[in-house]
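Reader: Hey, got a minute to walk me through this one? I'd like to hit a couple of residues and then talk about a whole chain.
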Amino acid sequence: MIEVNKVSVTYTGLRGVRIVRNKALDDVSFTVPEGSVYGLLGTNGAGKSTLMRAMGGIFRPDTGSVIIDGRDVWNNAEVKTDICYVGDELSWYERFTVGELKTYGQNCRPSFSGEAFDRMVKALELPKERKISRLSKGMRRQVVTIFGVACCTKYLLLDESFDGLDPAMRRIIREILTDEVCDNGSSIVLSSHNVTEISEACDHILLLHGGKIVESGEIDDICDRYRKIQLVGSEGNVSREMLEKAGIAVLNFMGEGCVAQAVVRGTDEEVRAGVSKLHVNPVETVPLTLEEVFIYAMREKGYGKINAEK
Amino acid sequence: MIVIDVTGRVPIFEQICRGICGDIAKGILKPHDRIPAARVLAKDLGINPNTVAKAYAALERDGIIYSLAGKGCFVAEHGNRADRRFTDEFEQKTREALHAGVSRETLAEILERVWTEMSEKKEGDSND
C-alpha cells in the first residue's frame, strides 16, 4: 500500500532578479491499495510527474510524506528495492544498448528477471544490439517500460508510458501489465492525459489540476458523483438559477424555454431529491463518462474555458 | 459476446455483466458452463483484471454465476428467475415504444410471437 500524506512541493526559480515560487503539489493525500492499477490523470502541468517522483522517493516533498508499506520512501534504499520508477525522461537510458540494459538490471535490481526481459524483447521484436539512443521514440518507450516490468517490483510507477506508442503496441503493453498484476500481485501507478487509456487500464484514478486533487477513488464511483439530466419544466421555463436555488451544483447548463439539459454534481437520488422541490420533471438522468468528468470538473476549476466565452 | 465501449456511459464492469447475461439469455452459455478466468478475459478485452473481478463478484452476488475455489467461475441454474439485467432494458424499451405511440396490442403480439417462435425452436431442437 502506498500512502501519500499531505504532500506539497514548491519549485523555486528565478525570473530575472525575482524569486518565483510555483506550487506544483498542494496538500495531496490518497492511498494506492494493494494490487490496484492507479491512474494519475491531469491537465498539462497539473503535477502528475512531480507526484510520481515524490512517490518514487526521487523528490523530497516540502511537507508531508509518502509511506510505502509503513516505511517512508525518502532516502530509504530498502523501500526502493520494492519500487520501480520509470520516468517520462528517457535520456538516462540512452547510453545503453538493449542488451546492456538487461545486464544493468541484473546487477543493480535484486528482483530483476532477465528471463522475463528477454521474453518481452523477443515478443516486441526489439533489436538487442542497438543503442537505445538509436531507437525510435516509440521503441525507446517500449524498452524502458519492459525494463520496469522486468524489475518485478511490488510497485511499478510508470510516467506517461503510453506516450508515442501506436494502438497495437499500447494494447500489447497493457496485456503485459495485466500479467504483471495477476502474476506478481503488483500495484501499478500510471500517469497519462489520455482519458480512454486510463479508463481501460485502471481501476482507481486521481484527477489532478493545479497541484490539487479534484477527484480520487474508484472510476465508477467518481463517474457516479456527477449526473447529466434532461429536464422539462411543468410550469414554464427551466433555468440554471432555479436549479442552483434548489441547492444543486450546476456545472453546465444547456437549453432554452421549458426543456433543458444540465450537468450537475450528485448521485441519482440526490439530484432527483433536489429537483423534486421544483416544478420540473427530470426525464432522464445518466452518469457522466470519465471524459466528461474530466472536462466539466476541470472547467469548474477554470480550466479549458475559452476566454471569448467569458 | 462481450463488447466493451470504454467511451460509453455504462461502467465497464456493468458492460461485462451485461455481456455475460446476454450470452446466457441467448443460450450461448448454459448452466454449469465455465466462463473465462478473469485474467484471460481482461487480456482479451484489453482491460484491467480488477474490473473483470469486480464484474464477476457482482454476478456471483446476484446468483447468476457461482465460483469453485481453484476451478473458476460457472453459470448458475437460473430456473426462469428474472434478473433485472434481463428485464431493465425490456422495460425501458417498452416505455419508449408506448410513448412513441406503439399500441399495447402490438407489443403484446410481439411478445407472443417471439415466445411461440422460441418454444417451437426448442421442440425442434429436442426432436433432432
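Author: Sure. Bear in mind that this is a predicted model. Let's begin with A:Thr153, which sits in the loop between helix H5 (137-150) and strand E7 (155-159) of chain A.

Reader: OK, is A:Thr153 buried or exposed?
Author: Buried: A:Thr153 has a relative accessible area of 3%, and the cut-off for buried is under 20%.

Reader: So what does A:Thr153 touch, not counting residues up to four places away in sequence?
Author: Outside that window, A:Thr153 touches A:Thr81, A:Asp82, A:Ile83 and A:Cys84, along with A:Arg109, A:Ser111, A:Glu180 and A:Ser186.

Reader: Switching residues. Where does A:Thr285 lie?
Author: A:Thr285 is part of strand E14 of chain A, which covers residues 280-287.

Reader: And is A:Thr285 buried? What's the relative accessibility?
Author: A:Thr285 comes out at 11% relative accessibility, so A:Thr285 counts as buried.

Reader: Which side chains make a polar contact with the side chain of A:Thr285?
Author: The side chain of A:Asp268 makes one at 2.6 Å. The side chain of A:Arg227 is joined to A:Thr285 by another, at 3.1 Å.

Reader: Which residues is A:Thr285 in contact with, leaving aside neighbours within four places in sequence?
Author: A:Arg227 and A:Asp268 are on that list, together with A:Lys228, A:Ile229 and A:Arg272.

Reader: Cool, on to chain B. How many helices and strands are there?
Author: Chain B has five helices and three strands. Going along the sequence, the pattern reads α-β-α-α-β-β-α-α.

Reader: What does the C-alpha trace of chain B span?
Author: About 50 × 40 × 25 Å along the principal axes of chain B. Chain B has 128 residues, and 30% of them count as buried. Chain B exposes about 8,500 Å², with 56% of that supplied by carbon and sulfur atoms.

Reader: What about contacts in chain B with a separation of 6 or more?
Author: Within that set, 47% are between residues 24 or more positions apart.

Reader: I care about electrostatics too. How many positive and negative charges does chain B have?
Author: Chain B carries 19 positive and 21 negative charges, and the mean positions of the two groups are 8 Å apart.

Reader: Last thing: what pLDDT does chain B average?
Author: The average for chain B is 85, and 93% of the residues score at least 70. Among the elements of chain B, strand E1 (residues 34-35) has the highest mean pLDDT, at 92, while helix H4 (residues 84-99) has the lowest, at 83.

Notes. Residues numbered from 1 in each chain as written. Chains lettered and ligands numbered in written order. Predicted model: local features only at pLDDT ≥ 70, side-chain atom pairs only at ≥ 80, totals over all residues. Heavy atoms only, no water. Helix = DSSP H or I, 4+ residues; strand = E, 2+ residues; numbered from the N terminus. Buried < 20%, exposed > 50% of the residue type's maximum accessible area, 1.4 Å probe, protein only. Polar contact = N/O pair within 3.5 Å; in protein donor to acceptor, adjacent residues only side chain to side chain. Contact = heavy atoms within 4.5 Å. Areas by Shrake-Rupley, 256 points an atom, 1.4 Å probe, with all protein chains shown as cover. Lys, Arg positive; Asp, Glu negative; His and termini not counted. Charge placed at Lys NZ, Arg CZ, Asp CG, Glu CD. pLDDT = per-residue confidence, 0-100.
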